[in-house]
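Q: Got a minute to go through this one with me? Let me pull it up.
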Amino acid sequence: MRIAGISRGGLLGKIDCYYFHDCPEQFLYQCSTLTNAWPLEEVLQEKAKGNSVLIISDGGAARGYYDGMRVGDTKTFLQTLSTYTYLYAWLNPMPQNRWLTTTAEDIANMVPMFPLEREGLEDAVNILRGHPFPPGVGLDE
């Protein structure tokens with residue numbers, strides 16, 4: 001599993017893994033079955049504050065459609081996240097050409113999003129180390 005590889009690599013220190021469906025809203029879950037809910041604000045306060053956050057999600061690209069509500073909810077989440085840390089990036093398991101005309105395309109304008117492949121992982125790690133966001137990417141863009 002790629003998460004295990006990231007953890008063993010030692011670049012990110014201790015890893016806490018949480019799950020969500022479509023967009024992190026009121027709760028994050030400790031299990032992939034979306035059980036063991038934790039309030040989002042509590043997780044951000046205790047785990048994200050001043051730390052690196054890596055999001056792994058297709059951002060809607062797997063379904064191949066656009067969901068404006070999901071874009072808005074994701075922007076709200078990212079605005080909240082940005083009050084706890086500026087060290088966050090997004091890995092998308094779908095190839096970049098599949099992001100076009102989907103929700104993922106708009107999300108990629110708000111957060112550094114990279115394909116889940118070797119080069120994308122390296123780019124995400126650079127963001128998590130404090131490198132600036134790529135030009136044109138940000139919540140105020």
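A: Sure. One thing before we start: contact here means heavy atoms within 4.5 Å. And keep in mind that this is a predicted model.

Q: Fine. With that cut-off, which residues does leucine 81 touch, leaving out those up to four places away in sequence?
A: Leu44, Ala48, Val53, Ile55 and Tyr88.

Q: And which residues of the largest nonpolar core touch the most other members?
A: Leu81 is one of them, along with Ile55, Phe77, Leu78, Tyr88, Trp99 and Met113. That core has 26 residues. At least two residues come from each of H2, strand S3 (53-56), H3, S4 and H4.

Q: What does the second, separate core include?
A: That one has six residues, among them Ala89, Leu91, Phe114 and Ala124.

Q: Back to the helices. At what angle do the axes of H2 and H3 cross?
A: Roughly 35 degrees, and the axes come within 10 Å. H2 covers residues 40-48 and H3 covers 68-82. The crossing is right-handed.

Q: Which residues make the contact?
A: Leu40, Glu41, Leu44 and Ala48 on the H2 side, with Phe77, Thr80 and Leu81 from H3. By class that gives five nonpolar residues, one polar and one charged.

Q: New topic: where does glutamine 96 lie?
A: In the loop between strand S4 (88-92) and helix H4 (103-107).

Q: Why call glutamine 96 partly exposed?
A: Because its relative accessible area is 48%, and partly exposed runs between 20% and 50%.

Q: How far apart are glutamine 96 and tyrosine 84 in space?
A: 28 Å, C-alpha to C-alpha, with their positions 12 residues apart in sequence numbering.

Notes:
Residues are numbered from 1 along each chain as its sequence is written. This is a predicted model: local features need pLDDT of at least 70, side-chain atom pairs count only at pLDDT 80 or more; totals for chains, interfaces and linings use all residues. Side-chain values use heavy atoms; hydrogens and water are left out. Helices (H or I, at least four residues) and strands (E, at least two) are DSSP runs, numbered from the N terminus. Buried means under 20% relative accessible area, exposed over 50%, partly exposed in between (1.4 Å probe, protein chains only). Axes are lines fitted to C-alpha atoms, for helices over the stretch in contact, and angles run from 0 to 180 degrees between N-to-C directions. A crossing is left-handed if the near helix is turned anticlockwise from the far one by less than a right angle, and right-handed if clockwise. Ala, Val, Leu, Ile, Met, Phe, Trp, Tyr, Cys and Pro count as nonpolar, Asp, Glu, Lys and Arg as charged, and the others, Gly among them, as polar. A nonpolar core is a set of buried Ala, Val, Leu, Ile, Met, Phe, Trp, Tyr and Cys residues joined through side-chain atoms within 4.5 Å.
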